[in-house]
Each structure stands twice: as structure tokens, then as C-alpha cells.
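Please open the structure in your viewer and keep the selection panel at hand. The tour goes from one selection to the next and says what can be found at each stop.

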Amino acid sequence: MKKILRFTASWCNPCKMLAKNLETANLGLPIEVVDIDVNTDLAADYGIRSVPTLVMLDENIEVKRMTGVKTTKELEAWAND
């Protein structure tokens, strides 16, 4: 099953902008929020160097990732590509 990990931080303004765009995007996939300051091990496991970062998993295997703020249309295109 596919899912998206959304790596974020409470102090990150671009992360807040991305969160708003994700609320209106039709991605059709569950999204798990990962705070990099709380889940430092998971962020390190995925090699997260900047936030916001989205990582799409298929059966817990990374298939693609996206970094930075994206529009709703960009998010939908990425998720459904």
C-alpha cells in the first residue's frame, strides 16, 4: 500500500504553507506527519536534509520524494504520476 511521509518542523514556515496546500490537494493517499525534531532517527534514516520534504512509499520502499513548497496542482501531479 502506498503512503506519503511528510517531514516537517514546528518552526518551519514553508512547512505550514505546504500543509495548507495538502489540505486541498486530492492525493488519494494517506499522509503521515513526521516532525524532524521529535523523530530524529526516522528523519536520519530517510536522509532528510531540508523541510518540507514528502517521501512516497510503496510497501515501505521509497519510490519518490519532493522537497519544498508546491502548489496543489504540483502535488496532485506528483502523487498521481
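## Starting from Lys3

Select Lys3 together with its surroundings: leaving aside its neighbours within four places in sequence, Lys3 is in contact with Pro30, Glu32, Val55, Met56, Leu57 and Asn60. Bear in mind while looking at these side chains that the model is a predicted one. Among those contacts, Glu32 deserves a separate view, since the side chains of Lys3 and Glu32 make a polar contact at 2.9 Å. Lys3 itself is found in strand S1, which covers residues 2-8.

## The sheet

Now extend the selection from S1 to the open sheet, which has four strands in the order S2-S1-S3-S4 and shows mixed pairing. Strand S2 (31-35) and S4 stand at the edges with a single partner strand each, so one side of each is left without a neighbour in the sheet. If you look along the sheet, neighbouring strands are turned against each other by 25° on average, with direction ignored.

Next, display the backbones of S1 and S3, which pair in the antiparallel sense over six bridges. To pick out a residue pair here, select Ile4, whose bridge partner in S3 is Met56.

Add helix H1 (13-24) to the view. H1 lies across S1, S2 and S3, and runs at about 150° to S1.

## Helix H3

Move on to helix H3, residues 72-80, and colour the helix by burial: which of its residues are buried? They are Leu75, Trp78 and Ala79. Seen down the axis of H3, these buried residues fall within an arc of 95°, so they line one face of the helix. A general point helps in reading such a view: an α-helix has 3.6 residues a turn, so residues three or four places apart point the same way.

Keep the buried residues of H3 selected and show what covers them, which includes S1, H1, strand S3 (53-58) and strand S4 (61-67). Then rotate to the face of H3 turned away from its buried side, where you will find the exposed residues Lys73 and Asn80.

## Last stop: Ala77

Finally, select Ala77, which is also found in H3. Is Ala77 buried, partly exposed or exposed? Its relative accessible area is 48%, so Ala77 is partly exposed, the class that lies between under 20% for buried and over 50% for exposed. To end, draw a distance from Ala77 to Lys16: the two residues are 61 residues apart in sequence and 20 Å apart in space, C-alpha to C-alpha.

Notes. Residues numbered from 1 in each chain as written. Predicted model: local features only at pLDDT ≥ 70, side-chain atom pairs only at ≥ 80, totals over all residues. Heavy atoms only, no water. Helix = DSSP H or I, 4+ residues; strand = E, 2+ residues; numbered from the N terminus. Polar contact = N/O pair within 3.5 Å; in protein donor to acceptor, adjacent residues only side chain to side chain. Contact = heavy atoms within 4.5 Å. Buried < 20%, exposed > 50% of the residue type's maximum accessible area, 1.4 Å probe, protein only. Arc of directions from axis to C-beta. Pairing = 2+ DSSP bridges. Axes fitted to C-alpha atoms, helices over the stretch in contact; angles between N-to-C directions.
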